[in-house]
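You asked for comments on the internal packing of this model. My notes are below the structure.

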Amino acid sequence: MLAIVSAGIAPGLALLSFFYLKDEYETEPISMVLKTFIFGAMLVLPIMFIQYVFGEEHVFQSPFLQAFFTTSFLEEFFKWFILYFTIYQHVEFDEHYDGIVYGAAVSLGFATVENILYLFANGLESALGRAFLPVSSHALFGVIMGYYLGKAKFSEGKEKTKWTLYSVFAPLILHGTYDYILKTMDHWVFIIIPFMIYLWWLALRKVKKAKQPSVV
């Protein structure tokens, strides 16, 4: 049991530490980051219940709707909701890069609990693959969400609205595409690896831009 919990937690904490330590100006209070992580973790069971009900009731049967609504919309919207209504107005959110830290935290909180539950059900042999795919992808979706939320935080008028919408729909579309590849392609590994490389490139580009004082 301890081995499964450790293997389930390790990739999430490693990725969160990576993005947290990228903040070169004023690191966020660890208590706030951990609180955001816990908020993300608390989303798992309610979302899994909704997804279970949708599955049992055959609400969405096409792979497209399952990928983009049952999975992507539910998970990304509620992570965004947590960020927007608990972190966005907080006094500690005072730099563009802070959005990336908190976006990664809420996403990795969700991914970590989901990962632990999956490993309990399927065993430790899947731990490495889970670290490289679902856990990493959640972190990258969170980085992109936080990047655009950070731009919205320090913009005005129509620009604020535009970046807020980007913060919802950019990770939603990327997450839906990720799930659609896994659901519909027999040899998905040949597509998902380039897609993950693209996600890492995109997220690290956002990290670099968010650290530039003139980015917004």
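The points that follow take the enclosed space and then the nonpolar core.

1. The model is predicted. A search of the whole structure returns one cavity of 30 Å³ or more. The space in the largest cavity comes to about 30 Å³.

2. Which residues line the largest cavity? The lining consists of L83, I87, Y88, F93, G99, Y102, G103, G146 and L149. Two or more lining residues come from each of α4 (63-87), α5 (96-122) and α6 (127-153). Among these elements, α5 gives the largest share, three residues.

3. As to character, the lining of the largest cavity has six nonpolar residues, three polar ones and no charged ones. Glycine is counted as polar in this division, so the label should be read with that convention in mind.

4. The largest nonpolar core holds 53 residues, and F19, L108 and L199 are the ones that touch the most other members. The elements giving two or more residues to this core are α1 (2-21), α2 (30-42), α3 (44-56), α4, α5, α6, α7 (157-184) and α8 (189-210). With 12 residues, α6 supplies the largest share of the core. In soluble globular proteins, nonpolar side chains tend to be buried together.

5. F19 merits a separate look. What does F19 contact once its neighbours within four places in sequence are left aside? The partners are Y97, V101, A104, A139, L140, V143, W200, L204 and V207. When checking the core in the viewer, F19 can serve as a starting point, as one of the residues that touch the most other members.

Conventions. Residues are numbered from 1 along each chain as its sequence is written. This is a predicted model: local features need pLDDT of at least 70, side-chain atom pairs count only at pLDDT 80 or more; totals for chains, interfaces and linings use all residues. Side-chain values use heavy atoms; hydrogens and water are left out. On a 1 Å grid over the protein atoms alone, a cavity is a set of points where a 1.4 Å probe fits but cannot get out, and a pocket is an open set with protein on both sides within 12 Å along at least five of seven lines; lining residues have an atom within 4 Å of a point. Grid points are joined across faces, edges and corners, and a volume is the space filled by probe spheres set on the points. Helices (H or I, at least four residues) and strands (E, at least two) are DSSP runs, numbered from the N terminus. A nonpolar core is a set of buried Ala, Val, Leu, Ile, Met, Phe, Trp, Tyr and Cys residues joined through side-chain atoms within 4.5 Å. Buried means under 20% relative accessible area, exposed over 50%, partly exposed in between (1.4 Å probe, protein chains only). Contact means heavy atoms within 4.5 Å.
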